[in-house]
Amino acid sequence: MNKIFTPNEAAALIQISPKRIYKEIEYQIIRSSTPNHNQLSFGTLVYLRALKEINFDFSVSYRIHLYGALQTAWEQQTASLEFGKFFTLKVGEIGQELQTLIDRFETWKAKLVNNPNILGGETVFPGSRLSVQRIGGSLERGETLEVLQEDYPYLTDEDFDFARIFVKAYPIQGRPKLDEVHN
């Protein structure tokens with residue numbers, strides 16, 4: 001996969017904190033495709049997904065070594081990577097899982113509507129005036145899925161799952177609207 005990802009997109013897809021990604025960049029463990037560090041390769045997502053799955057804090061030098069080994073394994077299309085005496089990563093499975101998720105998310109995202117005449121151009125679900133930010137933001141703020149499903153029965157489980165990813169990957173930029181400041 002040749003797609004490039006922002007740190008926010010990577011964090012949302014992997015379900016880790018963007019701060020974790022920026023720390024990996026700051027410590028020069030992962031390398032961005034651009035000098036301003038806003039573009040990450042698919043191979044970098046494989047590394048980040050492996051770190052999330054392992055759920056163990058390695059030293060910086062070990063993470064640098066792991067990143068390099070994973071990048072080489074990914075480029076050579078190696079199915080698994082033995083890293084240490086008892087530690088094997090299934091690189092191919094991690095990549096396939098991520099590829100499937102990204103393909104599904106991109107297909108879902110392509111159906112969304114951006115029209116300046118609907119909610120001032122906010123991204124909405126097709127055939128509605130319901131913004132993706134509203135649903136994803138509600139879930140992020142702790143609203144239960146059951147309540148939202150009851151309120152919006154026309155949305156699918158995938159809509160709810162991907163709305164949460166969408167709001168993390170594409171946070172609203174700029175100042176809050178005047179009415180949001182006073183609430």
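Lys-3, Phe-5, Glu-9, Leu-13, Phe-105, Glu-106, Ala-169 and Tyr-170 line the largest cavity of this predicted model. Two elements, helix 1 and helix 5, each give two or more residues to that lining. By class, the lining of the largest cavity holds 5 nonpolar and 3 charged residues, with no polar ones. The space inside the largest cavity comes to about 40 Å³. A search of the whole structure for cavities of 30 Å³ or more finds 1. Rolling a probe the size of a water molecule over the atoms is what reveals such empty space.

The chain around this cavity has 9 helices and 4 strands. Read from the N terminus, its elements follow the order α-α-α-α-β-β-α-β-β-α-α-α-α. The C-alpha trace spans about 55 × 30 × 30 Å along its principal axes.

Helix 1 leads on to helix packing. Two packed helices are described by the angle between their axes and the distance between the axes. For helix 1 and helix 8, the axes come within 8 Å and cross at roughly 155°. Since an angle over 145 degrees counts as roughly antiparallel, helix 1 is roughly antiparallel to helix 8. The crossing of helix 1 past helix 8 is right-handed. On the helix 1 side, the contact is made by Asn-8, Glu-9, Ala-12 and Leu-13, and on the helix 8 side by Ile-165, Lys-168 and Ala-169. These residues of the contact of helix 1 with helix 8 divide into 4 nonpolar, 1 polar and 2 charged. Glu-9, Leu-13 and Ala-169 appear both in this contact and in the lining of the largest cavity.

The second largest pocket also draws on helix 1 and helix 8. About 230 Å³ of space lies in this pocket. It is lined by 13 residues, of which Ala-12, Leu-13, Gln-15, Leu-101 and Ile-165 are the closest to its centre. Ala-12, Leu-13 and Ile-165 also belong to the contact of helix 1 with helix 8. Helix 1 (7-14), helix 3 (42-54), helix 5 (91-110) and helix 8 (157-169) each supply at least two residues of the pocket lining. Helix 8 provides the largest share, 4 residues. Sorted by class, the lining of the second largest pocket has 6 nonpolar, 1 polar and 6 charged residues.

Helix 8 also packs against helix 6 (residues 132-140), at an angle of about 90° and with the axes 8 Å apart. Helix 6 and helix 8 are therefore roughly perpendicular to each other. Helix 6 brings Val-132, Gln-133, Ile-135, Gly-136, Gly-137, Leu-139 and Glu-140 to the contact, while helix 8 brings Phe-160, Ala-163, Arg-164, Phe-166, Val-167 and Lys-168. The contact of helix 6 with helix 8 has 7 nonpolar, 3 polar and 3 charged residues. Lys-168 of helix 8 takes part in this contact and in the contact with helix 1.

Helix 3, one of the helices that supply the lining of the second largest pocket, has a packing partner in helix 2. Helix 2 (residues 18-26) and helix 3 pack at an angle of about 115°, their axes lying 12 Å apart. Helix 2 passes helix 3 in a right-handed crossing. Arg-20, Ile-21 and Glu-24 of helix 2 meet Tyr-47, Leu-48 and Leu-51 of helix 3. The residues of this contact comprise 4 nonpolar and 2 charged, with no polar ones.

Conventions:
Residues numbered from 1 in each chain as written. Predicted model: local features only at pLDDT ≥ 70, side-chain atom pairs only at ≥ 80, totals over all residues. Heavy atoms only, no water. 1 Å grid on protein atoms, 1.4 Å probe; cavity = no way out; pocket = protein on both sides within 12 Å on 5 of 7 lines; lining within 4 Å. Points joined across faces, edges and corners; volume = space filled by probe spheres on them. Nonpolar A, V, L, I, M, F, W, Y, C, P; charged D, E, K, R; others polar. Axes fitted to C-alpha atoms, helices over the stretch in contact; angles between N-to-C directions. Parallel < 35°, antiparallel > 145°, perpendicular 65-115°, else oblique. Contact = heavy atoms within 4.5 Å. Left-handed = near helix turned anticlockwise from the far one by under 90°.
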